Amino acid sequence: MFDGIRKRVVSMWFPRLASDRVLRARPVNGPFALTLKADNAERIYCLNQAAERVGLSRSMSFADARAFCPDLISQPARPDLDRPFLAALRRWATRYCPWVGYEGADGLVLDVSGAAHLWGGESEMLADMRARATRAGLELRLGLGETRGAAWARAHFGDENTTLTELPVAALRLGDQMVTALQRLGLRRIGDLTAAARAPLARRFGPDLMLRLDQAMGHVSEPTTPESEPPHYAIRMSLPEPIGLTEDVMGITARLLTPLCDKLKAQEMGARSLCLTLRRVDQGCQQVELRLAAPMRDPHRILPLFERGVGAIDAGFGIDQIRFEATLVEPLPVQQIGSRQTSPDQLNDLITRIGTRIGLENVQRFLPADSHIPEHAFSIAPAAYSRPESGWYAPRPRPLRLFPPEAISVTGSQPPAQFRWRRMRLTVGRTIGPERIAPEWWLPDDNWRSGLRDYWKVDTREGRRLWLFYTPQNPGWFVQGEFA
């Protein structure tokens, strides 16, 4: 049954979204353009009105643009930043109606059915949109219609008062090849298509042409799907009386932590970074940040990790609001826990406790690397952002300590009977070797410019067990490691 409310759709098009985003932060007086590499050439990606007035256009070669306009100011485009900016505009557009979705990479679509009267009418609502966009430094074109296709057509090729049949066929969101083919047949406007026979057009151009036409005219529905808001993992509590004791703050933190972890569990996510914000009665704020060595959502394990940071807080005249937020989350699917499984939770908690004092990046572990060069056979990575690996393999024993090669004054290609190293005179008791290792010629390494190395395991009578090597291509002896 007809409920008396006509469907009304607004199309927001930001034709200079990328350049407006940059110029909002750093205005430029004169022609400005963003460039992006395409087809092995730098081309104009987006430009302002001043650049268009001197004859520049999108997709033009940047070299040609500089020839036309030597005063052109440019910088590389960042499409990865344009999408978050459009997402912020989408949140702003929800002030007009709750049904707001994306329309391509530079537009929004709003279902304002039944909402225009809140702004005094459709004209007043559209005027408010334009005024706010102008104050924000954004160029905005609006289209209003009873269908999504009609609103898009008016935003891109007319205005909210333009008759749909007067617009060109490109306003039906058709491909360039189809638009060119229709123009060659003399079908230049939407009114020409509505007056032509449908069957010949469908046979020649396929069903897409008729579908776009019917969507614009309202014969086929095209829903406006609002974009869902991402989960926000934060919770706060305002206190009727200020508190200042560490025990009270930890008690409130425990109360906030439980529902926050329940929300993380419902989304199968785990927190990697948490922030506890304490607002004092003098409006000052202090924060306690905690970075975890692994995704976590167990409140009983997280709460003790905040004790050190909360104990260092200056409560002043009291704290009247506490806010808890998971600033960084990662997927943490539910896993079955058995009695035979070894849980790494204790190690992760230890890494987190040490990391709060010296930084998580400074707690490191060794990982195996695929190289026959001794000093390249391992890599060092932060333990919080890596997992232990078991691919350690050495065909021959390697020293416990490796250090940069230290030259010793010895002649000959065989291990010496005596030599001096680090102000110590050592006497060789037993030698094992040689083990020849060739450099990795495909990788540049200044330490291996001397060429081949013949390694020897040398046991001295003084108790030192050293790893020596000789370079036959550039004669010399060096000490590089020490066995346990």
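This is a short talk on one protein chain, from its overall shape down to a helix, a buried arginine and a few backbone oddities.

Okay, thanks everyone. One thing before we start: what we have here is a predicted model, so please keep that in mind throughout.

Let's begin with the whole chain. DSSP gives us 14 helices and 19 strands. The radius of gyration comes out at 35 Å, while the globule rule gives 23 Å for 484 residues, so this chain is more spread out than a compact globule. If you want the extents, the C-alpha trace spans about 105 × 70 × 50 Å along its principal axes.

What about burial and surface? Of the 484 residues, 43% are buried. The accessible surface comes to about 27,800 Å², and carbon and sulfur atoms own 51% of that. On contacts, take the ones with a sequence separation of 6 or more: 57% of those are between residues 24 or more positions apart.

Now let's zoom in on a helix, α5, which runs over residues 122–135. It has 14 residues and reaches 20 Å from its first C-alpha to its last, close to the 20 Å you'd expect at 1.5 Å a residue. Which residues of α5 are buried? Those are M125, L126, D128, M129 and A133, and yes, there is an aspartate in that list. Looking down the axis of α5, the buried residues fall within an arc of 155 degrees, so they line one face of the helix. Over on the other side you'll find S123, T134 and R135, which are exposed.

And what do the buried residues of α5 pack against? Three strands and a helix: the strands are β1 (9–13), β6 (107–111) and β7 (141–145), and the helix is α4 (79–93). After α5 comes G137, with a positive phi near 80 degrees.

Next stop, R453, which sits in strand β17, residues 453–460. Is this arginine buried or exposed? With a relative accessible area of 1%, R453 is buried. Its side chain makes a polar contact of 2.9 Å with the side chain of Y455. Leaving out residues up to four places away in sequence, R453 also touches a whole crowd, including E375, E435, R436, W448, F469, Y470 and Q480. So if you're clicking along on your own screens, P405, I437, N447 and T471 are also among the residues R453 touches.

Last topic: the backbone. As a reminder, most residues other than glycine have a negative phi, and most peptide bonds are trans. Here are some spots that go the other way.

First up, Q283 has a positive phi of about 70 degrees, and it isn't a glycine. You'll find Q283 in the loop between β9 (269–280) and β10 (285–296), and with a relative accessible area of 56% it is exposed.

Then there's R422, another residue other than glycine with a positive phi, this one near 55 degrees. R422 lies in the loop between β15 (418–421) and β16. At 41% relative accessibility, R422 counts as partly exposed.

Finally, which residues does a cis peptide bond join? That would be G433 and P434, with omega at about 0 degrees. P434 belongs to strand β16, residues 424–437.

That's what I had. Happy to pull any of these up on the screen.

Conventions. Residues numbered from 1 in each chain as written. Heavy atoms only, no water. Helix = DSSP H or I, 4+ residues; strand = E, 2+ residues; numbered from the N terminus. Expected span 1.5 Å × (residues − 1). Buried < 20%, exposed > 50% of the residue type's maximum accessible area, 1.4 Å probe, protein only. Arc of directions from axis to C-beta. Contact = heavy atoms within 4.5 Å. Polar contact = N/O pair within 3.5 Å; in protein donor to acceptor, adjacent residues only side chain to side chain. Rg over C-alpha atoms; globule rule 2.2 N^0.38 Å. Areas by Shrake-Rupley, 256 points an atom, 1.4 Å probe, with all protein chains shown as cover.
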